[in-house]
Amino acid sequence: MARSVIFIIAIFLSFCALSCIAQQQPCATYKFLNNKHFSSCSDLPVLSSSLHWNYHPLSNRVDVAFRHTGVTDRRWIAWAVNPTSEGMIGSQAIVSFQRTDGSLAVYTSPITSYGTRLEQGNLSFPVSDLSATNQNNEMIIYASLELHGNISTVNHLWQAGPMSENTPMMHSVGPSSPNVKSIGSLDFLSGRVKATRSSSATLKNVHGILNTVSWGILMPIGAVIARYLKRFESADPLWFYLHVSCQLLAYILGGLSGFGTGIVLSRRSPGMEHSCHKIIGIVLFCLATTQVFGGLVRPDKDSKYRPFFNWFHFLAGCSTLILSIFNIYKGFDLLHAANFWRLAYSGIILTLLLVTLLLEICTRWCLPITKRSMPNAMEKNTSTVIAVATMEV
């Protein structure tokens with residue numbers, strides 16, 4: 001009996017040990033070919049990367065090894081520490097890539113703008129023992145950092161991107177891309193790693209949603225309602241107020257909120273210029289502002305200036321509609337949005353175009369026929385009444 005109990009306990013303990021081993025991070029079992037050893041490591045959440053380090057609190061020095069696996073083509077990799085903020089701007093990076101002649105480049109690069117080409121330069125803290133390897137489909141950067149101040153927690157970033165000859169090119173910036181999620185905080189002392197999301201990436205999504213709903217959907221809906229009011233000569237106040245509501249809501253969401261978030265994004269990204277998208281956004285804001293406040297000074301129907309106002313209102317509205325749809329697709333390109341969003345938005349626009357086409361058909365062909373038939377029917381009824389009256393007399 002005692003032997004059976006001991007045997008069962010042994011099996012249980014073995015199972016627990018195997019479970020613990022299975023739950024260990026893969027980086028903990030990795031063996032470096034150059035016999036280097038690191039006491040701490042963390043498998044980073046994206047980009048098939050891991051970070052290994054030895055922290056020396058007395059000298060505030062950190063020996064690191066940044067490892068990027070699954071390398072099947074020529075690319076650049078980088079690991080960076082940002083001493084001042086959580087974002088890309090201000091980060092102090094260590095970069096490596098394979099040159100066209102097969103040799104490895106490894107150097108430091110301070111990031112000062114979003115348009116950087118990872119130019120070589122000195123960092124804000126000393127870096128020594130800089131080296132890199134590229135073998136067995138993985139790239140590794142080794143370095144020793146001497147951090148300023150008595151700190152052990154830092155904001156860090158890691159990236160990988162394509163090459164053009166010997167020049168690093170821009171990595172993917174789509175909202176679903178892992179490259180926009182490769183940011184976090186790292187405590188060298190405790191080993192705690194926390195993934196964070198860039199506030200700029202969130203703001204880009206908010207900016208895109210606001211402008212797509214306002215300029216891209218509400219504005220065309222308001223234009224269709226305006227066409228209905230014009231073609232059917234409707235005096236129903238419900239449709240008029242619905243038209244005004246769509247335009248005002250589009251102006252508030254896109255003209256004020258969307259335009260405001262665009263200004264904030266521009267200030268946060270001093271090195272990233274999207275001139276066409278920005279210029280169209282400014283023009284849209286000016287046209288929409290003129291449309292909204294122009295309604296307050298609209299001339300009376302009997303005024304001689306009313307035709308000029310109507311023409312201006314029509315041309316400004318058409319320009320706003322065309323530019324807004326074009327700029328929405330331009331925004332999809334800048335955000336590298338998935339095809340689903342393009343197709344969904346295209347479906348909405350095509351539906352509105354179909355409704356507009358049906359309204360044109362009804363007002364150009366159906367209504368004139370109805371109007372022409374009504375006088376004939378009235379004339380026929382009148383003749384019938386006269387004939388009946390004559391017979392009675």
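**From one cysteine to the whole chain**

Cys41 has a relative accessible area of 18% and is therefore buried; buried means under 20% relative accessible area, exposed means over 50%, and partly exposed lies in between, with a 1.4 Å probe and protein chains only. The model is a predicted one, in which local features need pLDDT of at least 70 and side-chain atom pairs count only at pLDDT 80 or more, whereas totals for chains, interfaces and linings use all residues. Residues are numbered from 1 along each chain as its sequence is written, and side-chain values use heavy atoms, with hydrogens and water left out.

The chain as a whole provides the setting. It contains six helices and 12 strands; these are DSSP runs numbered from the N terminus, with helices (H or I) of at least four residues and strands (E) of at least two. The chain has 393 residues, of which 36% count as buried. Contact means heavy atoms within 4.5 Å. Among the contacts between residues at least 6 apart in sequence, 58% join residues at least 24 apart.

Cys41 leads to the disulfide. A disulfide is a covalent bond between the sulfur atoms of two cysteines; here the criterion is a pair of cysteine sulfur atoms within 2.5 Å. The structure holds one such link. Cys27 and Cys41 form it, with their sulfur atoms 2.2 Å apart. The angle about the S-S bond is 75°, and the link of Cys27 and Cys41 is right-handed. Because Cys27 lies in the loop between α1 (2–23) and β1 (40–43), while Cys41 belongs to strand β1, the pair ties together parts that are 14 residues apart in sequence. Cys27 has 3% relative accessibility, so this residue counts as buried. Two further cysteines may be considered here. Cys246 is buried, at 10% relative accessibility, whereas Cys318 is partly exposed, with a relative accessible area of 31%.

Beyond β1, the chain enters a loop that leads to β2, and Leu47 is placed in this loop. Most residues other than glycine have a negative phi. Leu47, although not a glycine, has a positive phi of about 65°. Leu47 is also buried, with a relative accessible area of 17%. Asn136, likewise not a glycine, has a positive phi near 55°. Asn136 lies in the loop between β7 (127–135) and β8, and at 62% relative accessibility it counts as exposed.

The next topic is the interior. A nonpolar core is a set of buried Ala, Val, Leu, Ile, Met, Phe, Trp, Tyr and Cys residues joined through side-chain atoms within 4.5 Å. The largest nonpolar core has 26 residues, and those with the most contacts inside it are Trp53, Val64, Phe66, Trp79, Leu145 and Phe188. At least two residues of this core come from each of β2 (49–56), β3 (61–69), β4 (75–82), β8 (138–146) and β9 (153–164). Strand β8 gives the most, with four residues. A separate core has 13 residues, among them Ala78, Ile111, Leu118 and Leu157. The surroundings of Trp79 can also be described. When neighbours within four places in sequence are left aside, the residues in contact with Trp79 include Leu51, Val64, Phe66, Leu145, Leu157 and Phe188.

The helices come next. Lys204 has its place in helix α2 (residues 199–231) and is partly exposed, with a relative accessible area of 24%. Lys204 and Val264 are 60 residues apart in sequence, and their C-alpha atoms are 9.9 Å apart in space.

Farther along the chain, helix α4 (residues 275–294) and helix α5 (residues 306–335) have axes that come within 9 Å and cross at roughly 150°. Axes are lines fitted to C-alpha atoms, for helices over the stretch in contact, and angles run from 0 to 180 degrees between N-to-C directions. The crossing of α4 and α5 is left-handed; this term applies if the near helix is turned anticlockwise from the far one by less than a right angle, and right-handed applies if it is turned clockwise. The contact of α4 with α5 has 11 nonpolar, 12 polar and one charged residues. In this classification Ala, Val, Leu, Ile, Met, Phe, Trp, Tyr, Cys and Pro count as nonpolar, Asp, Glu, Lys and Arg as charged, and the others, Gly among them, as polar.

Ala316 offers a closer view of α5, the helix in which it lies. Ala316 is buried, with a relative accessible area of 5%. Neighbours within four places in sequence aside, Ala316 is in contact with Leu287 and Gln291. Ala316 and Leu284 are 32 residues apart along the chain, and 9.6 Å separates their C-alpha atoms.
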